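Me: I'm new to this one, so could you show it to me and let me ask how each label was earned?

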Amino acid sequence: MRLSYVLACSLALTAGAAAAGAADTVARPEKAEVCLACHGADGVSQTQGTPSLVGQPDRFIQWELVFFRSGRRHDPIMEPIASTLSDEDVRALGAYIASLPIPKVPVPPDSAPDETAGGAALVEQGHCAACHGEKFEGLQAAPRLAGQREEYLVKALKDFRSSGRPSMGLAAMNEVAAHMSDENIDAVAHFLARRR
Amino acid sequence: MAKYASQVARLGAVAAAAALAVAASATGAGAQQLKHYNSAGKDFWMHPPPDWFLGDETAGQRGLAPPAGPATPTPLAELNENLKHITLPPGFTIKVYASGLPEARQMAWGNKGTLFVGSFGATNVYAVTDGGKTVKTIIKGLNMPTGVAFRDNALYVVAIDKILKYENPEANLDHMPAPKVVYDDMPPYVAHGWKYLVFDAYGKVYVPFGPPFNIGNPPSSVAQIRRVDLNTGSAEIEALGVRNSVGGDIDPRSNQYWFTENARDWISDDAPSDKLNHITRLGEHFGYPYCHQGDLPDPVFAQGHSCAEFTPPVLNLGAHVAPLGMKFYTGNQFPPEYKDNIFIAEHGSWNRHHYQGGRIERVIVDPDGKEAHQEVFASGWIKGDHDYYGRPDDILIAPDGSILVADDWAGAIYQISYSK
């Protein structure tokens, strides 16, 4: 499993490097190529379980890299990559990724409108917009949720629920997720993946 | 939709039997409706109400969420630039003492001149040596080790629900000994669970216990300050009715404990005021959740109580200024009128429309708490309405009489000195 994952990433790395965009507004650090190999050449992930980075705030990217680097957040691929980053690398990657243009991706047909409505209600009740923005566009160290891969949002909420992942905002995500059922998590992810 | 509606209800209703009540809304039409949480089970103590810091806001306060500091410590060159914004009284200067300490919090001196520094989320304790030139991370992986204290050749660290003791740390900075847990009768939640430690002259340590929500009737074991004997584990409840206290000091004139307290949120930008308090007798009640700033009954939680029943603050410090670490000035460098004045590190606002605080206040007050007034000592860390160059969170007197200031936003320690 892991081997094929790495292989897929290295193939993508070649393609990503070739497609380095001229539209970038911030100098592209060399180390960004490793990121985009898995997270998508334009920051939009095509890989199951791997989040899109496009639209993520500078400070969110930096904090997650610091969490991986210090071993406070666990992932077999991200931890070794982050362990090689200096503070300067972290700042440069945050600025670069936050500068990627957000492509217009159409909302896919909604196969489960009930679930979307349920997710919307849970998101309102959980005060998600207070930190993530009224359009879930991401603010400060709170990530963009709009348009994120649905299965990744499920994974993230489950990681927070088990306290397997540290949360910014005074443990806010650990506390919010602690009380969520699997069904609630699915509904919230379904709703957020369809925001634009 | 009905299926999800029931789940919505389940998510919100953390409660069956109501052991405590929390305000649904501090203002507006729903003011008298209390929502209930059940503190009888383990779950409440592991995971407090998820809306403990958001949830009571009005429509006009929507979107005021805690600011997230930089992920990496501010580089030295940038710190030096930032300090150009700081204003001080004539004769005083500020410089960077040490940098590269992510999320630096409470500071304590060792016997041999090592400066120990706790941290907020970074899980680390640092040791600063060589007059600020060398910074080492000596302990990693603790749960919010904000508070540190040093006594009898041992370093004490508080990490939410444990006080840890490290023997002879200054001889072992590169390989710290395994700690001994010396006190753990503390709840495991993070919400208002981060603490500072203050030893008194008798070797007892003052420990705050914040409630795991903004406003509510607290379970009887929290919203208090205990004085703990770490040798026996016995504790006295020194103060009741205390919300979130992160900082205090012993008055060298009286040996009594004074402490800062962060008031409830979401009433308004200008109320209630954060407080400076003074304990003069065992078990005094400082008003939370019934009364704020000495004269403001809570709109929901006064529950028939009058402010006259409670100990008023020595001084109201201002709304949303977030007073944290404080020290009586016992050094010999500053002008004589500074003797026994209190320096308070104000961390600054997180949910005020225009931030205030983010500075160091000087409080002049008699030993009995009378004749108190404050003046701004060092300011300029607020950038615009909603950003910071830094956030002061603790004060320590250096052996030469200068003061050190910890800043968890920039991950730095500053030194403020005086010369004629």
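**Helix H5 and its surroundings**

Reply: Sure. This is a predicted model. Let's start with H5(A): it has 12 residues and reaches 17 Å from its first C-alpha to its last, close to the 16 Å expected at 1.5 Å a residue.

Me: What makes H5(A) mostly covered?

Reply: The count does: 9 of the 12 residues of H5(A) are buried. They are A:Asp87, A:Val90, A:Arg91, A:Ala92, A:Leu93, A:Gly94, A:Tyr96, A:Ile97 and A:Ala98. A residue earns that word if 20 or more other C-beta atoms lie within 10 Å of its own, so each residue on that list meets the cut-off.

Me: And what covers the buried residues of H5(A)?

Reply: The cover includes H2 and H3 of chain A.

Me: Why is H2 of chain A called mostly covered?

Reply: H2(A) runs over residues 32-39, and 6 of its 8 residues are buried. Those are A:Ala32, A:Cys35, A:Leu36, A:Ala37, A:Cys38 and A:His39. Right after H2(A) comes A:Gly40, with a positive phi near 105°.

**Domains and chains**

Me: How do you know which residues of chain A go to which domain?

Reply: From the domain assignment: domain 1 takes 2-35 + 50-98, and domain 2 takes 113-193. Their contact involves 13 residues from domain 1 of chain A and 15 residues from domain 2 of chain A. On the domain 1 side, the classes come out as 5 nonpolar, 5 polar and 3 charged residues.

Me: How many residues does each chain bring to the contact between chain A and chain B?

Reply: Chain A brings 33 residues and chain B brings 26 residues. What puts a pair in contact is having C-beta atoms within 7 Å. Six helices of chain A each supply at least two residues to that side: H3, H5, H6, H7, H9 and H10. H9(A) gives the most, with 7 residues. Sorted by class, the chain A side holds 16 nonpolar, 10 polar and 7 charged residues.

**The nonpolar core**

Me: Which residues touch the most other members of the largest nonpolar core?

Reply: That core has 159 residues, and the ones touching the most other members are B:Phe116, B:Val117, B:Val148, B:Val157, B:Val405 and B:Ile413. In soluble globular proteins, nonpolar side chains tend to be buried together.

Me: What does B:Val148 touch, leaving out residues up to four places away in sequence?

Reply: Its contacts include B:Phe116, B:Val117, B:Val125, B:Leu155, B:Val157 and B:Leu197. B:Gln106 and B:Gly118 are also among them.

Methods. Residues numbered from 1 in each chain as written. Chains lettered and ligands numbered in written order. Predicted model: local features only at pLDDT ≥ 70, side-chain atom pairs only at ≥ 80, totals over all residues. Domains from an automatic or database assignment. Contact = placed C-beta atoms within 7 Å. Nonpolar A, V, L, I, M, F, W, Y, C, P; charged D, E, K, R; others polar. Core = buried A, V, L, I, M, F, W, Y, C linked by C-beta atoms within 7 Å. Helix = DSSP H or I, 4+ residues; strand = E, 2+ residues; numbered from the N terminus. Expected span 1.5 Å × (residues − 1).
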